[in-house]
Amino acid sequence: MYEKNEPLLSFDYVDPNGNKNPLMFKNPRTVITTDSVNEVVACLEKIQVEVDRGYYAAGYVSYEAAPAFDPAFQVNTNSEMPLLWFGIFDEPVHEPLKGEGSFHLSEWEPTVTPEDYKANIERIKNNIAAGDTYQVNFTTRLHAHFTGDTKAYYKQLAQVQSADYAAYLDIGDHTILSASPELFFQLDDGKITTRPMKGTVKRPAVICQEENN
């Protein structure tokens, strides 16, 4: 069973020089969070005030918060997690996350049936053919049952996926484990760098052999 803990957030990322730089945030001064789309922008403004005062803000904004910025976005409305959660901290510590316990994860189960999946693919193909859209990022959700040390599982995910940008967020009621090769953006000395997954990740070496007939 998962036990509620005090918030702890850890970030592992590659800095502009190519070095891993772990940052850990503990003991927040306060927490700014909301479950309401109408409060998302106001919360971000409060977070900016704290950052301008010299404090650090660490947390997340969910995909389901998108209508706060553009009402045209359609999202799931049955999320059990806050739309926004940020802790306000004095400063981080340069300390890697420790996770040496054991854990168990059941088989991942899709939330859609094979029939629904095929029907959705056909619908996408028809919409492309009709000119309604030219590209669709079609994803599905998977569910599994987890028990044990979430920190150990996070470290395994980050290592196996060779993730340059990874984050562990234990916000008390929920734990988020993120391991990604994608850099959304990074601001360093007035320069913004972005490395989306498409087109920036190195391709593996491929050996092709030709047969002479």
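Is Phe25 buried or exposed? Phe25 counts as buried, because its relative accessibility is 6% and the cut-off for buried is under 20%. Keep in mind that this is a predicted model.

## Phe25 and its aromatic partner

Searching the whole structure turns up nine aromatic pairs. One of them joins Phe25 and Tyr56 in a tilted arrangement, with 6.2 Å from centre to centre and 55° between the planes. This pair ties together distant parts of the chain: Phe25 sits in strand 2 (residues 23-26) and Tyr56 in strand 4 (residues 56-61), 31 residues apart.

What about the other ring's exposure? Tyr56 has a relative accessible area of 40%, so Tyr56 comes out as partly exposed. Phe25, on the other hand, is buried at 6%.

The two rings also have company. Phe25 and Tyr56 belong to one aromatic cluster together with Phe11 and Phe89.

## Helix 3: what it packs against

Over in helix 3 (residues 150-160), the buried residues are Thr150, Ala152, Tyr153, Tyr154 and Ala158. These buried residues pack against a whole list of strands: strand 1 (8-13), strand 6 (103-105), strand 9 (146-148), strand 10 (165-170) and strand 11 (175-180).

## Helix 3: how it starts and what follows

At the N-terminal end of helix 3, Asp149 acts as the cap. A side-chain oxygen of Asp149 lies 2.9 Å from the backbone nitrogen of Lys151.

Past the other end, the backbone does something worth a look in your viewer: just after helix 3, Ser162 takes a positive phi of about 50°.

Conventions
Residues numbered from 1 in each chain as written. Predicted model: local features only at pLDDT ≥ 70, side-chain atom pairs only at ≥ 80, totals over all residues. Heavy atoms only, no water. Buried < 20%, exposed > 50% of the residue type's maximum accessible area, 1.4 Å probe, protein only. Helix = DSSP H or I, 4+ residues; strand = E, 2+ residues; numbered from the N terminus. Contact = heavy atoms within 4.5 Å. Polar contact = N/O pair within 3.5 Å; in protein donor to acceptor, adjacent residues only side chain to side chain. Phe/Tyr/Trp six-rings, centres within 6.5 Å; stacked < 30°, edge-to-face > 60°.
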